[in-house]
Amino acid sequence: MIDLEFVINTLSLGSLYALLALGLVLVYGILKLVNFAYGEYVMVGGYALYIAATLLGMPWYVTLVIAVLAAVVVSYLTELVAFRPVRNKSANAQIITSFAVSIFLQNVVLILISSRARAVQLPFFFSKTVTIAGATTPVRNLLIIAVTAVLLVTLSVVMKKTVLGMAMRAASDKFTTTRLMGVPANLVISAAFLISGLLAGVASIFWVSRSASVDPLTGAAPLLIAFIAVVIGGMHSTVGAVVGGFVYGLIFNLLSITLPASMISYRDAFMFVLVVLFLLFRPAGIIKGGYTEERVG
Amino acid sequence: MSVMTRVSALVRRHSTLAILLVPLIVAGIAVNTFGSQLLIDMYTYFCVSLCMVFAVQMFMGNSGILSWTHIGFVGIGAYAAGILSTAPAVKSMGVPNMYPMLVDLNLPVLPSILIGGLVAAAVAAVIGYPLMRLSDFAGVITLFATLIVIHVVMTQWDNVTNGPRTFFGVPDWTTITVGIIAAILVILLAYWFRESALGLRLRATRDDRYAAAAIGIDMVLVRYLTFVVSALVAGIAGGLWAHYITSFSPKAFYMSEMFLLLSMLVIGGSGSISGAFSGTVIVTVARELLRQLESWINNAHVLSFEVYGLTELVMALLMVLVLVWRPGGVIGGQELRWPLIKRSGKDTTPAEEGQAAA
């Protein structure tokens, strides 16, 4: 049961989930904002892919860039238009705002495109299969592992070595003190949303490639996955989010092969019971972050 | 003090209730006498919405915790009441897989609705205590996760709920009179609860949990008790809703409906009874107008394509605008009092000014 194919599947699923979780936790770390609109960045990326590839028939490398850019732009715009004005308001006001943004974006595509799923044309090599040491797997599974590895290394270099990265890490520890040191709040927060959008955009390509279609509710599942992964891994550190993503991928695959067929439909409920248990017995998650303020504001 | 002075002092003290309940009753009687059937149905629905909103308000307004779970309790109440009051013949036809024991159950409507509330409260009592220990991010996520668990169970347990398919044949019992009476009772309960010992302690934990703990308030306990009581009210509201709508599926108790309830609370202001009431009025009216507009646009072919989702889109925009403009809601944390317009200065108590700021 646990063979190379299982390992590759788990690694690729875990990579995807790690990207999703990391994008969510970057914004949470600084703003203490639970961004319910995060899933919609993935949906927007998917629709950009649909418009560029299926409708306009652009070459595949252009479509991928457009998908990522669309998610980045929408992420930035939501910060500018919706989250910035409520930044100093209560936590509940921020959460409700993010949920309203999510509903808004869903209904925009509902009105402008359609409520029905649209087929997305993906690069031809995505669904080709290769055989490594007896394990057969689609190319996209290997691609997501490679892309995630590159992104994680780049991101950790940026966070550790550049001034902006250090400012962001400092801001997620103590936002007020960081501002007193002369770091502009808007810059740090915008950077967090841009990176968050970038990760969501990259994840959207691989998320959409699994079903090769996109609909207005595409964002719901990635959002929930990111929530679970963040809770399992630890919501106060970026390392925790990545670990959480991989652990979630592993648990999900294990549940898929071990649960009896009659219980498989309860798999989501199992996952969320796990989340609740995790929060109760280890609220800090697997990786315990450093000291954090309760909220900005 | 003469009797008259006492009565007038009482009325003055509770003028908030008069400001809210008198229009509710007068408008209800007017609608019932002169309104069309459609208007009567809408008013009944409005009254049931009030019950749901105040169930959430009791918990969220006083504890400051954003609850996603309450629509799940509404659903539990609706299914429990529906299963109890629906005729066995209808159930055996409509829900083929139902446990025989449940098929045979049959009670009059009112006890069914009350038992439905108790079932919801029992579920809340079982799952609630650990959840109440969490605040902030963790609290929001767990309550959100709890709603998803309740939803998955509702859609999968087809021996009880008929799964994702429609549960139908619930007797039509919730008339406009029932709706108004229920709304009045729930508003009175929420009003009384806010000023009760438990409500005051809960509000203290909301405003400063460490100060509250320092004067000996057990935060988890007061949250837990309120959670159970508000689940009871939510369950009863669900039963009323089930006997108004008569057929429903688990979809009716999920995120978009919870978002609607939260938007009613947030737009009006969850901190006060007046705020929750006004929010429900504003959202109900705005939603109905937008729906009319949407169907008018689609029927008159003003645009070359059909617009679905316009209502939700504008509601979401409205909500962000209200949050930016008045994060405490249109009414804020203060209650409406007679006289509505003061000549000079505010004569609110310090506690209420604190809430308005929060």
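**Figure 1. Chain B, an all-round look at a chain with 17 helices and zero strands.** This is a predicted model, so here's what the prediction gives for the overall build. The C-alpha trace of chain B spans about 65 × 55 × 50 Å along its principal axes. Its radius of gyration is 21 Å, which agrees with the value near 21 Å that a compact globule of 358 residues would have.

**Figure 2. Where to trust chain B, and where to go easy.** Averaged over chain B, pLDDT is 86, and 93% of the residues reach 70 or more. Confidence peaks in helix H13 of chain B (residues 219-245), with a mean of 95. At the other end of the scale sits helix H17 of chain B (residues 350-357), where the mean is 44, the lowest in the chain. Over residues 344-358 of chain B, pLDDT stays under 50. For that stretch, the model has 13 contacts beyond four places in sequence.

**Figure 3. Chain A, with 11 helices and four strands.** For its 297 residues the globule rule gives 19 Å, and the radius of gyration of chain A is 19 Å too, so the chain is as compact as a globular protein of that length. Measuring along the principal axes of the model, the C-alpha trace of chain A covers about 55 × 45 × 40 Å.

**Figure 4. The side of chain B that touches chain A.** Here 32 residues of chain B are in contact with 38 residues of chain A. Three helices of chain B each supply at least two residues to this side: H8 (136-156), H14 (255-268) and H16 (310-325). H8(B) gives the largest share, with 13 residues. Sorted by class, this side of chain B has 26 nonpolar residues, four polar ones and just two charged ones. As for scores, the model comes in at ipTM 0.80 and pTM 0.85.

**Figure 5. Helix H2 against helix H9 in chain A.** Two packed helices are described by the angle between their axes and the distance between the axes. In this close-up, H2(A) (residues 38-55) and H9(A) (residues 220-233) pack at about 135°, and their axes are 7 Å apart. That angle is why the two helices, H2(A) and H9(A), are called oblique to each other. H2(A) passes H9(A) in a right-handed crossing. On the H2(A) side, the contact is made by A:Tyr38, A:Gly39 and A:Val42. H9(A) brings A:Ala220, A:Pro222, A:Leu223 and A:Ala226. Tallied by class, this contact of H2(A) with H9(A) has six nonpolar residues, one polar residue and no charged ones.

**Figure 6. Helix H9 again, now with helix H10 of chain A.** H10(A) covers residues 238-258, and H9(A) packs against it at an angle of about 115°, with the axes 7 Å apart. H9(A) and H10(A) are therefore roughly perpendicular to each other. The crossing of H9(A) past H10(A) is right-handed. From H9(A), look for A:Ile225, A:Ile228, A:Ala229, A:Val230, A:Ile232 and A:Gly233. They meet a run of H10(A) residues that includes A:Gly240, A:Gly244 and A:Gly245, along with A:Ala241, A:Val242, A:Val243, A:Val247 and A:Tyr248. By class, the contact of H9(A) with H10(A) holds 10 nonpolar and four polar residues, and no charged ones.

Notes. Residues numbered from 1 in each chain as written. Chains lettered and ligands numbered in written order. Predicted model: local features only at pLDDT ≥ 70, side-chain atom pairs only at ≥ 80, totals over all residues. Axes fitted to C-alpha atoms, helices over the stretch in contact; angles between N-to-C directions. Parallel < 35°, antiparallel > 145°, perpendicular 65-115°, else oblique. Left-handed = near helix turned anticlockwise from the far one by under 90°. Contact = placed C-beta atoms within 7 Å. Nonpolar A, V, L, I, M, F, W, Y, C, P; charged D, E, K, R; others polar. pLDDT = per-residue confidence, 0-100. Rg over C-alpha atoms; globule rule 2.2 N^0.38 Å.
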